[in-house]
Amino acid sequence: MLARRHLGGLLAALLLTGCQDILQTEPPDSINTENFYVDEKDAVAAINGAYQPLQWPKLYNMRMWTTDIIAGNSVVGAGGGTDGVETKNLADFVALSSNPGVLDLWRGPWPGILRANVVLQKVPEMKIRDELKQRVLGEAHFLRALYYFNLVRFFGGVPKITVPQNPGDDLRPARATAAEIYNELILPDLEAALKLLPPKSAYAAGDLGRASRGSAAGLLAEVSLTLGQWQRVVELANQVEALGYTLNSSYAQNFSPNAENGPESLFEVQYYGKTSVDFWSNENQSAWHSTFMGPRNAGMVAGGWGWNQPTQEFVDAYEPGDRRKDVTVLYEGGPKFDGQDYRSSYSTTGYNVRKFLVAKSVATSYDESPLNFPVLRFADVLLMKAEALNELGRTQEAFAPLNRVRRRAGLGDLAGLSQAEFRQAVLRERRVELAFEGKRYFDLLRVDGGQYGVDFLRSIGKSNASKPRLLLPIPQLEIDANPNLAQNPGY
């Protein structure tokens, strides 16, 4: 996989220390361009460097999945006291601009944006095979779009930076509007990626995990969904299916270390597992999900720190007979995990997340989990298509993709719903299908301009939720360094 074969040496290669399998900690802007960007291995090492920030705790190794806590699917749990207090404050909508979690989500994408910008600047002039050049540039466009998509959804308008910044440049850029980021950067990047990237089927086994044409189509569909471009969503969903993506026969296969990058996977963040560096460092190649989410003091997984405990209200969202519940949630009386019964006393809510847990036979230590994190799955694309068809007034057509997801879950087909009823049904389906994958908060943000989110959050007791506070504050440390960054309303 990409992480296993390439990511170990990507930053080292960028810093001219060769393609060794050790990551260095020097800053990524110290590239010596005089003797780099010469041959194909340099181009590959450079684009590998743009993937690596996805793995960091500031993004998919922690902060992205904690958005389900903000969205009300779960509570922090953890060890109590100040453990996770920054996430609790975000979930209670009382976070300040000094919140460390906010700072992580702001700072997490920028190194990836920088590295993608360097690739897009340097690789076009390289004398390498055109096929490889196009692929590398397509990967860079895809990754830059993904990083910016996360930023703009969390914060609204952000600085628009499309070339590497140098000491003589304006290092205090103002925020572009959200519309400018979408129309002038994210959408063009993804359209370019769609043209440049090969299909997933064209990748050799060692390159699985790279962005592909399906990755670009799926992410562009999600962006189009966010913008309410319903017809484009349908077109892109059809393109994804035409590329051969399908649902895994079992929902659980999406979260198995033995079935990664499978037929349902459009894009996932890659992890190697065993790591020779500090577990807490950015260079760490072990996934945090099992270690953090495993039941605390239960001995069910290596680590087990009790984060991300599902609420009763969330568990009640499952329909009777929904097979996804047993894969997603640990509950007393449910199936054993790795031969062990679960007890409700392991959690403050009586539940723990199950879908990202890794058996001790796979990860014998807390710092050895190899489980990738899903960013885009075909089930998500089917539900996007269903939602878009309904919004286009084609509700009868919308039942087919929705019911395809439901059938795998062991549920009966839905039929005869009005457009308004279908809208609620597909959002409920997205909630349980994509639980704890960092999707729910963004659904709360985008539907009905955020009013859907405010109404739901207040219905579950989050009385401080408001439209302005659905966006996160710009970190005060960043404003102090750059006074041109205006703060979001409400903070």
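These numbered points cover one helix and its pocket, a second helix, and several loop residues in a predicted model.

1. Start with helix α7, residues 110-122. Its 13 residues should span 18 Å at 1.5 Å a residue. The C-alpha atoms at its ends are 18 Å apart, so expectation and model agree.

2. Is α7 enclosed or open to the outside? Ten of its 13 residues are buried, so the rest of the structure largely encloses the helix. The buried set begins with Trp110, Pro111, Gly112 and Ile113. It continues with Arg115, Ala116, Asn117, Val118, Val119 and Leu120. Note that Arg115 and Asn117 are on this list.

3. The largest pocket holds about 630 Å³ of space. Its lining counts 20 residues, and those closest to the pocket centre are Trp110, Pro111, Leu114, Ile161 and Gln165. Three elements give two or more residues to the lining: α6 (100-107), α7 and α21 (476-481).

4. Which element gives the largest share of that lining? It is α7, with five residues. By residue type, the lining of the largest pocket divides into 14 nonpolar, three polar and three charged. Two residues from the central group, Trp110 and Pro111, also appear among the buried residues of α7.

5. Next, helix α19, residues 451-459. Its buried residues are Tyr452, Gly453, Val454, Phe456 and Leu457. What do they pack against? The partners are α4 (67-70), α13 (312-315), α17 (419-433), α18 (440-446) and α20 (467-470). After α19 comes Gly461, with a positive phi near 100°.

6. Two residues other than glycine deserve a look at the backbone. Most residues other than glycine have a negative phi. Phe93 has a positive one, near 60°. Asn261 is also not a glycine, and its phi is positive at about 55°.

7. Where do these two residues sit? Phe93 lies in the loop between α5 (85-91) and α6. Its relative accessible area is 4%, so Phe93 is buried. Asn261 lies in the loop between α11 (230-242) and β2 (265-269). At 8% relative accessibility, Asn261 counts as buried too. The cut-off for buried is under 20%.

8. Ser347 is another loop residue, placed between β4 (329-331) and β5 (351-353). Its relative accessibility is 11%, so Ser347 counts as buried. Which side chain makes a polar contact with that of Ser347? The side chain of Gln309 does, at 3.0 Å. A polar atom of the Ser347 side chain also lies 3.4 Å from the backbone nitrogen of Gly350.

9. Beyond its sequence neighbours up to four places away, Ser347 touches Gln309, Tyr342 and Asn352. Gln309 thus appears here as a contact and above as a polar partner of the side chain.

10. Last, Gly393. This residue is in the loop between α15 (378-391) and α16 (395-408). Is Gly393 buried or exposed? At 53% relative accessibility, Gly393 counts as exposed, since the cut-off is over 50%. Gly393 and Asn258 are 135 residues apart along the chain. Their C-alpha atoms are separated by 41 Å.

Definitions and conventions: Residues numbered from 1 in each chain as written. Predicted model: local features only at pLDDT ≥ 70, side-chain atom pairs only at ≥ 80, totals over all residues. Heavy atoms only, no water. Helix = DSSP H or I, 4+ residues; strand = E, 2+ residues; numbered from the N terminus. Expected span 1.5 Å × (residues − 1). Buried < 20%, exposed > 50% of the residue type's maximum accessible area, 1.4 Å probe, protein only. Polar contact = N/O pair within 3.5 Å; in protein donor to acceptor, adjacent residues only side chain to side chain. Contact = heavy atoms within 4.5 Å. 1 Å grid on protein atoms, 1.4 Å probe; cavity = no way out; pocket = protein on both sides within 12 Å on 5 of 7 lines; lining within 4 Å. Points joined across faces, edges and corners; volume = space filled by probe spheres on them. Nonpolar A, V, L, I, M, F, W, Y, C, P; charged D, E, K, R; others polar.
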